[in-house]
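Here is a short walk through one protein chain. Keep the sequence and the model side by side as you read.

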Amino acid sequence: MSHPKPTVIGKISYTNSWPVFHNFHPSRLSFPAEMVSEVPAILNQGMASGNIQVGALSSFAYAAASERLLLLPDLSVSSDGPVKSILLFSRVPIAQIASGTIAVTNTSATSVNLLKILLQKAMGGKPEYISAVPDLDKMMAQADASLLIGDNAIRASWQDQGYIVTDLGELWKEWTGLGMTFAVWAVNREAAETRPKAIAEIAEAFVESKTLGQRNLEPIIREACTAIGGTAAFWDGYFRNLSYDFGERQQEGLSLYFRYAYELGLLPREVKMEIWSHNLLTRVKE
Ligand SMILES: C=C(O[C@@H]1C=C(C(=O)O)C=C[C@H]1O)C(=O)O
């Protein structure tokens with residue numbers, strides 16, 4: 001008898017997604033599965049190519065590959081205002097970088113395009129962007145400003161280097177009045193068709209893990225203190241500030257982001273958000 005290939009599940013290695021992953025154990029699923037923990041850019045490639053069948057990825061990358069992906073319900077990494085880990089470090093205020101050079105972390109997709117949208121649509125700026133490994137000193141040596149995300153941004157925000165720090169979640173909220181969804185959970189359409197039971201079990205396990213994680217943040221906070229540093233109070237505030245839901249509010253902010261991305265030519269087509277459910281597809285209303 002041939003053994004079914006394990007389902008490959010993508011996990012964002014940054015702390016921001018830990019509350020959803022902490023109580024998610026692939027070994028407890030009733031079918032073979034393996035999890036890869038990577039920065040978003042690597043997960044984005046895996047989901048687009050089909051090497052990873054299900055898991056978290058940049059919301060922008062979902063949009064770019066939405067023809068082969070479906071969203072999983074009730075899961076995201078979102079903020080309704082400041083996010084505290086998507087930060088632009090600059091020598092002059094952001095409004096003055098219109099024609100400068102910005103180094104952007106090569107680990108992101110959503111935030112890099114969010115920056116482009118904010119600069120171009122809200123401020124009329126069109127700087128030159130260079131993709132770089134997330135190292136603030138090296139980035140600032142070759143650019144006027146640098147975009148970091150995740151734990152790299154958090155660590156850099158703890159060092160006082162005299163830079164102006166702009167939180168892109170906060171800027172998006174000020175400009176649009178809406179929240180922003182940075183990561184979503186998605187499933188490969190083919191996998192959803194060929195292994196529906198496995199996908200249903202995974203979708204359920206993620207939501208259950210999220211509920212447990214948010215109910216008891218303590219072990220997650222402790223792990224973050226050990227792995228990244230900082231105080232328990234910081235991590236408590238950080239995790240509580242993020243939303244892991246994907247309700248109407250989150251969908252509204254993300255729809256606008258996708259529309260702007262399309263208008264600026266960052267996305268090749270308009271995105272119809274389709275959410276997987278046990279038997280039928282739910283199309284997010286526009
Ligand atoms: C909140 C964050 O959201 C992240 C930002 C992403 C992106 O910019 O592509 C992708 C996944 C999220 O983990 C963060 O990394 O700080």
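Which residues in helix 4 meet Tyr257, Tyr260 and Ala261 in helix 12? They are Asn113, Leu114, Ile117 and Lys121. Keep in mind that this is a predicted model.

Look at how these two helices cross. Two packed helices are described by the angle between their axes and the distance between the axes. Helix 12 covers residues 248-263, and its axis comes within 10 Å of the axis of helix 4. The two axes cross at roughly 70 degrees. An angle from 65 to 115 degrees counts as roughly perpendicular, so helix 4 is roughly perpendicular to helix 12. By class, the contact has five nonpolar residues, one polar and one charged.

Now step back to the whole chain. A domain assignment splits the chain in two. Domain 1 is made of two stretches, 7-78 and 181-283. Domain 2 runs from 86 to 176. Their C-alpha centres lie 23 Å apart. Where the domains touch, domain 1 gives 20 residues and domain 2 gives 19.

Which elements build the side of domain 1 that touches domain 2? Helix 2 (40-49), helix 3 (59-64) and helix 12 each supply at least two residues. Helix 12 gives the most, with four residues. The classes on this side of domain 1 are 14 nonpolar and six polar, with no charged residues.

Next, find the sheet. It is open and has five strands, in the order 7-6-8-5-9. The pairing is mixed. Strand 7 (128-132) and strand 9 (164-167) are the edge strands, and each pairs on one side only. From one strand to the next, the twist averages 25 degrees.

One pair of strands can be followed in detail. Strand 6 (residues 101-105) pairs with strand 8 (residues 145-149) in the parallel sense, over three bridges. Ala103 has its bridge partner in strand 8, and that partner is Ser146.

Helices pack on this sheet. Helix 4 (residues 110-123) touches strand 5 (86-90), strand 6 and strand 8. The direction of helix 4 makes about 140 degrees with that of strand 8. Helix 7 (residues 168-176) also packs on the sheet, touching strand 5 and strand 9. Its direction makes about 60 degrees with that of strand 9.

Return to helix 4 to tie the parts together. Helix 4 packs on the sheet, and its residues also meet helix 12.

Technical notes: Residues are numbered from 1 along each chain as its sequence is written. This is a predicted model: local features need pLDDT of at least 70, side-chain atom pairs count only at pLDDT 80 or more; totals for chains, interfaces and linings use all residues. Two strands pair if DSSP finds at least two bridges between them. Axes are lines fitted to C-alpha atoms, for helices over the stretch in contact, and angles run from 0 to 180 degrees between N-to-C directions. Two residues are in contact if their C-beta atoms, placed from the backbone, lie within 7 Å. Angles under 35 degrees count as roughly parallel, over 145 as roughly antiparallel, 65 to 115 as roughly perpendicular and the rest as oblique. Ala, Val, Leu, Ile, Met, Phe, Trp, Tyr, Cys and Pro count as nonpolar, Asp, Glu, Lys and Arg as charged, and the others, Gly among them, as polar.
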